Amino acid sequence: MASDTPESLMALCTDFCLRNLDGTLGYLLDKETLRLHPDIFLPSEICDRLVNEYVELVNAACNFEPHESFFSLFSDPRSTRLTRIHLREDLVQDQDLEAIRKQDLVELYLTNCEKLSAKSLQTLRSFSHTLVSLSLFGCTNIFYEEENPGGCEDEYLVNPTCQVLVKDFTFEGFSRLRFLNLGRMIDWVPVESLLRPLNSLAALDLSGIQTSDAAFLTQWKDSLVSLVLYNMDLSDDHIRVIVQLHKLRHLDISRDRLSSYYKFKLTREVLSLFVQKLGNLMSLDISGHMILENCSISKMEEEAGQTRWEGRSWILGLETELGSGLPALGLFWVVLSMSHPQVSGDKNEEQVLNAIEAYTEHRPEITSRAINLLFDIARIERCNQLLRALKLVITALKCHKYDRNIQVTGSAALFYLTNSEYRSEQSVKLRRQVIQVVLNGMESYQEVTVQRNCCLTLCNFSIPEELEFQYRRVNELLLSILNPTRQDESIQRIAVHLCNALVCQVDNDHKEAVGKMGFVVTMLKLIQKKLLDKICDQVMEFSWSALWNITDETPDNCEMFLNFNGMKLFLDCLKEFPEKQELHRNMLGLLGNVAEVKELRPQLMTSQFISVFRAKRDGIERFPNNACGVLSHIMRWRNACAAIQSWTSTLGRNHNYRSFEPILRLLPQGISPVSQHWATWALYNLVSVYPDKYCPLLIKEGGLPLLRDIIKMATARQETKEMARKVIEHCSNFKEENMDTSR
């Protein structure tokens with residue numbers, strides 16, 4: 001089981017400081033620019049952590065607001081020291097790197113920082129004397145600068161500047177640089193001249209860069225230990241160069257199998273060359289390749305269109321050659337069959353998890369496919385490495401918040417990895433991490449499949465207990481989903497169910513807060529839409545149930561219900577869906593909450609509403625406690641007796657009572673004397689106005705014994721007893737056999 005070890009003091013302090021920058025580390029200069037307090041001096045361990053955690057919060061925590069001048073806190077190396085920082089996405093701009101240009105950085109990772117321009121290339125020169133590791137992966141605009149076309153200053157031009165490729169920048173002066181990642185750079189960057197000044201490269205990543213001549217790589221044949229050429233369209237010339245790099249310990253020539261323009265085909269001869277020439281090789285990634293025998297390419301290309309061919313006759317020999325000297329092998333989507341330590345592939349759970357771990361940061365296209373395989377494993381079989389799987393999926397979802405494929409496959413995998421079968425193995429901390437990435441996905445990606453997967457995953461948690469630490473946020477997200485114009489009924493149904501669960505068994509402060517977010521109004525809009533469509537489904541019933549829960553002991557929400565036409569919707573739903581018992585139960589429960597609020601009771605004292613309880617309605621008759629509760633509360637207000645008398649002239653004239661059963665059920669309710677009084681008053685009016693019809697009916701249905709019991713009942717009000725006597729007196733002249741109920 002995962003550990004629930006509390007966060008370290010360092011982690012807690014870092015998080016607090018970053019969320020309260022101007023109250024802890026710095027102060028605002030001119031109400032805009034952050035400045036470090038003059039009496040603060042921070043070592044590199046703390047500064048690196050502050051920056052890296054800040055980037056994590058900005059990219060993963062949607063409730064964290066970045067500060068435009070954050071990096072200015074680290075502008076002076078006399079009070080702050082930065083050495084190893086990892087920056088990513090659009091968070092980083094040219095001015096941010098400029099702010100820390102005086103720092104002696106040893107390690108700088110810039111990943112997918114597309115807002116960086118050629119201005120940052122000049123800033124990089126400031127770090128040239130100290131940098132050992134540099135990654136510019138996905139910084140596609142860093143070799144571009146803006147230039148005014150022809151010196152034109154026309155203010156009417158929509159875009160008066162254009163981007164010009166910078167070709168004169170090189171890594172001259174970066175004497176200590178050993179690790180360089182230029183993955184996913186644009187094709188026109190002159191890689192050879194750019195890298196020529198680097199004398200002792202140990203690791204180079206040229207993922208996605210196309211170069212027809214790779215001979216320049218041989219200048220590092222005595223130093224290069226890691227080479228990544230992912231998605232490079234190789235040729236025989238490339239292979240001849242690669243096998244000269246005899247110091248290589250890691251080689252990656254993998255590719256995205258969906259790319260159709262690759263001409264190079266991997267054969268036995270090529271693999272044999274790697275084995276023979278690269279004696280130090282410890283890790284080889286050939287993912288995405290179709291392994292071919294030494295036969296004509298055209299013939300094999302034709303066969304490879306639909307089939308998965310396994311060259312077992314020689315793969316077994318290659319396996320023997322590789323032996324135990326190659327502990328890491330990347331075979332994701334490779335068409336071969338072999339057993340090997342630390343294999344990343346698609347054959348079993350271990351390989352799939354290895355693939356997710358290896359490819360998450362820089363290869364989302366492969367990561368999404370690997371997570372999809374994990375989804376199938378968790379859905380069909382049993383995941384044997386649950387904690388590792390969960391952590392890897394969480395990392396992938398954080399890293400690629402705006403990647404649709406990863407968000408879809410990741411959220412689907414989380415649904416199966418968090419179900420009840422695995423619950424006992426998961427710590428509170430881990431389950432909270434799942435909830436946070438699910439909410440991040442709902443916030444960042446407004447797409448039907450992602451929203452549905454995320455809502456379903458939330459259903460695997462104890463609600464509201466496990467969601468209470470993100471209570472406001474999850475309610476806001478669900479309410480934004482419950483847009484009546486949304487056509488996807490399944491998402492509406494799940495979201496309403498979650499909303500209902502969230503407002504059940506929470507304190508009144510939570511309910512009032514959610515009410516102010518628009519919860520009551522949103523539910524009423526859903527009900528109104530269903531009513532217009534004449535549909536009573538789970539969304540309709542859950543919406544009324546949610547309103548019942550959120551109005552419990554919360555007068556503000558009850559008032560909101562009335563103010564936004566709730567009573568009309570109640571009456572219209574009763575009329576439109578007279579046979580829906582569950583719907584009636586939820587609606588009556590809600591009105592019971594409204595009736596508990598003394599100040600709101602007068603708004604319920606309308607003949608149209610009270611007639612609901614006089615009419616024969618199967619739904620209401622089946623829930624006498626709910627109906628009785630509503631009535632008893634209504635009747636408690638100060639002028640109840642006067643109000644009752646005011647209805648006398650109308651009661652019974654618009655209704656044809658075929659049975660007194662709903663009213664007679666209220667007579668024995670000694671615990672609710674006001675309901676008892678109303679029932680007696682109703683009978684008195686009916687037998688007084690229409691004695692020929694209703695006296696016999698009352699006698700037949702056994703009403704007189706119930707009225708006599710009221711007279712003897714100690715808890716009954718005196719006015720009620722007097723009215724009961726009058727009813728009995730009215731009926732005394734009639735006999736049961738003369739009853740006429742035809743009118």
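Tutor: Let's start with a rule: two strands pair if DSSP finds at least two bridges between them. Keep in mind that this is a predicted model.

Student: What makes β1 and β2 a pair of strands?

Tutor: Strand β1 covers residues 26-29 and strand β2 covers residues 33-36, with four bridges between them. The cut-off is at least two bridges, so β1 and β2 count as paired, in the antiparallel sense. One of the partnerships is that of Leu-28 with Leu-34 in β2.

Student: And what lies between the two strands of this hairpin?

Tutor: Three residues separate β1 from β2, and Asp-30 in the turn has a positive phi of about 60°.

Student: Which other residues have a positive phi without being glycine?

Tutor: Glu-89, with phi near 60°, and Asn-231, also with phi near 60°. Glu-89 sits in the loop between β3 (84-88) and α3 (94-99), while Asn-231 is in the loop between β10 and α6 (236-242).

Student: Why is Asn-231 called buried, and why is Glu-89 called partly exposed?

Tutor: Asn-231 has a relative accessible area of 13%, and buried means under 20%, so Asn-231 is buried. Glu-89 has 22% relative accessibility; partly exposed lies between the 20% and 50% limits, so Glu-89 counts as partly exposed. Glu-89 also belongs to a network of salt bridges with Arg-88 and Glu-361.

Student: How do you know that Lys-398 and Glu-56 form a salt bridge?

Tutor: Their N to O distance is 3.8 Å. The cut-off is within 4 Å, so the pair qualifies as a salt bridge. This pair links distant parts of the chain, with Lys-398 in helix α12 (residues 386-399) and Glu-56 in helix α2 (residues 44-60), 342 residues apart.

Student: How many salt bridges does the structure hold?

Tutor: It holds 30 salt bridges. Among them is Asp-252 with Arg-363, whose closest N and O atoms are 2.4 Å apart. Here Asp-252 is in strand β11 (residues 250-252) and Arg-363 is in the loop between α10 (349-359) and α11 (364-380), 111 residues apart.

Student: What makes Asp-252 buried, and what makes Arg-363 buried?

Tutor: Asp-252 has 3% relative accessibility and Arg-363 has 6%. Buried means under 20%, so Asp-252 is buried and so is Arg-363.

Student: Which residue meets Asp-256 in a salt bridge?

Tutor: Arg-369, at 2.4 Å from N to O. Asp-256 lies in the loop between β11 and α7 (268-277) and Arg-369 in helix α11, 113 residues apart. Asp-256 and Arg-369 are both buried.

Student: Why is Asp-509 called exposed?

Tutor: Its relative accessible area is 58%, and exposed means over 50%, so Asp-509 is exposed. Asp-509 belongs to helix α18 (residues 508-516), and with Glu-465, Glu-468 and Asp-507 it makes up a patch of negative charge on the surface.

Student: Where is the cis peptide bond?

Tutor: Between Ile-463 and Pro-464, with omega about 10°. Pro-464 is in the loop between α15 (448-458) and α16 (471-481).

Technical notes
Residues are numbered from 1 along each chain as its sequence is written. This is a predicted model: local features need pLDDT of at least 70, side-chain atom pairs count only at pLDDT 80 or more; totals for chains, interfaces and linings use all residues. Side-chain values use heavy atoms; hydrogens and water are left out. Patches are made of residues with over 30% relative accessible area and no salt bridge: like charges are joined within 9 Å, nonpolar side chains (Val, Leu, Ile, Met, Phe, Trp, Tyr) within 5 Å. Accessible areas come from the Shrake-Rupley method with a 1.4 Å probe; for residues, only the protein chains shown count as cover. A salt bridge is a side-chain nitrogen of Lys or Arg within 4 Å of a carboxyl oxygen of Asp or Glu. Lys and Arg count as positive and Asp and Glu as negative; His and the chain ends are not counted. The place of a charge is taken as NZ of Lys, CZ of Arg, CG of Asp or CD of Glu. Buried means under 20% relative accessible area, exposed over 50%, partly exposed in between (1.4 Å probe, protein chains only).
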